[in-house]
Amino acid sequence: MFGDASPELRQAFERIMTRLRLAPGEVLFDQGDPGDTLYLLEEGLLEISVLSAEGRRLALNMLRSGDVFGEIALFDPGPRTATVTAIAACTLRQIRRSDLFEAIHARPELAIEMIRLAGSRLRWVSRQLEEQVFLSTASRLALKLLYLAGISPKGPDTIVMSQADLADHIGATREIVSKTLAEWARSGWIEVGRGRVTLRDRDALENAANPDLF
C-alpha cells in the first residue's frame, strides 16, 4: 500500500507515524475490538485470524515486513474484523485516523490518493475470498505451503506449523489436511515431521496450486 503511494503521501505518513513493539504471542487487537489505526509491520511475523459464528477459528494470512493492515479503520472506525497476533517479536509503525485526517485537512489532494490506495486493498481482499470459495482444498493447501515457506524464519523450504494450524489457514478440517499431506509425502513432494513440513518438490506443489488442474 505504501509502496504505491506518491512521495507526498509517503512524507505525510512519515510525519504522523509512531512506533510500537510486540512480544511473541502478544495480541495487537482482537476481532470485535474498536479500531481507528492503520499499521505497517517493519519487522517480525503476524497472523491474521477470524472466528466464525460457530466459533471456528480461521487463520486468513501471515504478515511479514513491509505489510500494511488495519486500513478499514481509517475510513470507517468500528469493530476490528479480525484478530492480529505476533508469531515472532515485531516492530510496527502506526497511523491514527485523527492524525491522518489532520494531514488531509492541510493537504486535501491527499484524500484522492487515499481512496485509490483503499481500492487496491479491496481488490486484494477480493482475491483472498475467491481463493476460499473457488479453489479446492488441495489447491489452497499447496498455495499456503508455498507462501509460508517463503516467509519462514527456518528457511525457504521449511514451515514450522501444526497440521491443525494449517487447516485453520485454509478453512479445512485437520483430517483433510493430514490426508493430503500424507499423500504428498508418499509422492516425495514434501516431508512431514512433528509440527513441521519441509518442501521437497516445489514444481509439483505449484502444479497442485493451479486451479485448472483440479
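This report walks through the fold of one protein, using a predicted model.

## The overall picture

Let's start with the big numbers. The protein has 214 residues, and buried ones make up 43% of them. DSSP runs give eight helices and 13 strands. About 11,500 Å² of the protein is exposed, with carbon and sulfur atoms supplying 52% of that area.

How do the contacts spread along the chain? Take the contacts between residues at least 6 apart in sequence: 69% of them join residues at least 24 apart.

## The four-strand sheet

One open sheet has four strands in the order β1-β10-β4-β7, and the pairing is antiparallel. Its edge strands are β1 (18–22) and β7 (68–69), each of which pairs on one side only. Inside the sheet, strand β4 (residues 37–43) and strand β10 (residues 90–96) run antiparallel and are joined by six bridges. If you want a spot to look at, try Leu41, whose bridge partner in β10 is Leu92.

As a reminder, strands of a sheet pair through backbone hydrogen bonds, either parallel or antiparallel.

## The β5–β6 pair

Strand β5 (residues 46–51) is tied to β6 by six bridges, and the two run antiparallel. Leu46 has Leu63 as its bridge partner in β6. Strand β6 itself (residues 57–63) is largely enclosed by the rest of the structure, because five of its seven residues are buried.

Ser49 is worth a click here. This serine sits in strand β5. Is Ser49 buried or exposed? Its relative accessible area is 7%, and the cut-off for buried is under 20%, so Ser49 counts as buried. Setting aside neighbours within four places in sequence, Ser49 contacts Gln31, Arg57, Leu58, Ala59, Leu60, Ala82 and Thr83.

## Two helices with a buried side

Helix α1 (residues 7–16) has four buried residues to look for: Leu9, Ala12, Phe13 and Ile16. They span an arc of only 100° around the axis, so they sit on the same side of α1. The spacing makes sense: an α-helix has 3.6 residues a turn, so residues three or four places apart point the same way.

Helix α3 (residues 97–106) has Leu100, Ala103 and Ile104 as its buried residues. These cover an arc of only 100° around the axis too, which means that they lie on the same side of α3. And what does the other face carry? Turned away from the buried side of α3 are the exposed residues Ser98, Glu102, His105 and Ala106.

## The nonpolar cores

Which residues touch the most other members of the largest nonpolar core? In this set of 24 residues, they are Leu145, Leu166, Val177, Leu181 and Trp184. Several elements each supply at least two residues of this core: α5 (137–151), α6 (163–170), α7 (174–186), β13 (196–199) and α8 (202–209). The biggest giver is α5, with seven residues. Apart from this core lies another one, of 17 residues, with Leu22, Leu28, Leu58 and Leu92 among them.

Back to Trp184, one of those well-connected members of the largest core. Leaving out neighbours within four places in sequence, Trp184 is in contact with Ala138, Leu141, Ala142, Leu145, Trp189, Ile190, Leu205 and Ala208.

## The three-strand sheet and Ile190

A second open sheet to look at has three strands in the order β11-β13-β12, with antiparallel pairing. β11 (158–160) and β12 (190–193) stand at the edges with a single partner strand each, so one side of each has no neighbour in the sheet. On average, neighbouring strands of this sheet are turned by 15° against each other, ignoring direction. Four bridges connect β12 and β13. Helix α7 lies across β12 and β13, and it runs at about 125° to β12.

Ile190 belongs to strand β12 and stands opposite Leu199 in β13. With a relative accessibility of 4%, Ile190 counts as buried. What does Ile190 touch, if residues up to four places away in sequence are not counted? The list is Leu181, Trp184, Ala185, Val197, Thr198, Leu199, Arg200 and Leu205. For one last distance, the C-alpha atoms of Ile190 and Ala204 are 9.6 Å apart, and these residues are 14 residues apart along the chain.

Key: Residues are numbered from 1 along each chain as its sequence is written. This is a predicted model: local features need pLDDT of at least 70, side-chain atom pairs count only at pLDDT 80 or more; totals for chains, interfaces and linings use all residues. Side-chain values use heavy atoms; hydrogens and water are left out. Buried means under 20% relative accessible area, exposed over 50%, partly exposed in between (1.4 Å probe, protein chains only). Two strands pair if DSSP finds at least two bridges between them. The arc is that of the directions from the helix axis to the C-beta atoms. Contact means heavy atoms within 4.5 Å. Accessible areas come from the Shrake-Rupley method with a 1.4 Å probe; for residues, only the protein chains shown count as cover. A nonpolar core is a set of buried Ala, Val, Leu, Ile, Met, Phe, Trp, Tyr and Cys residues joined through side-chain atoms within 4.5 Å. Axes are lines fitted to C-alpha atoms, for helices over the stretch in contact, and angles run from 0 to 180 degrees between N-to-C directions.
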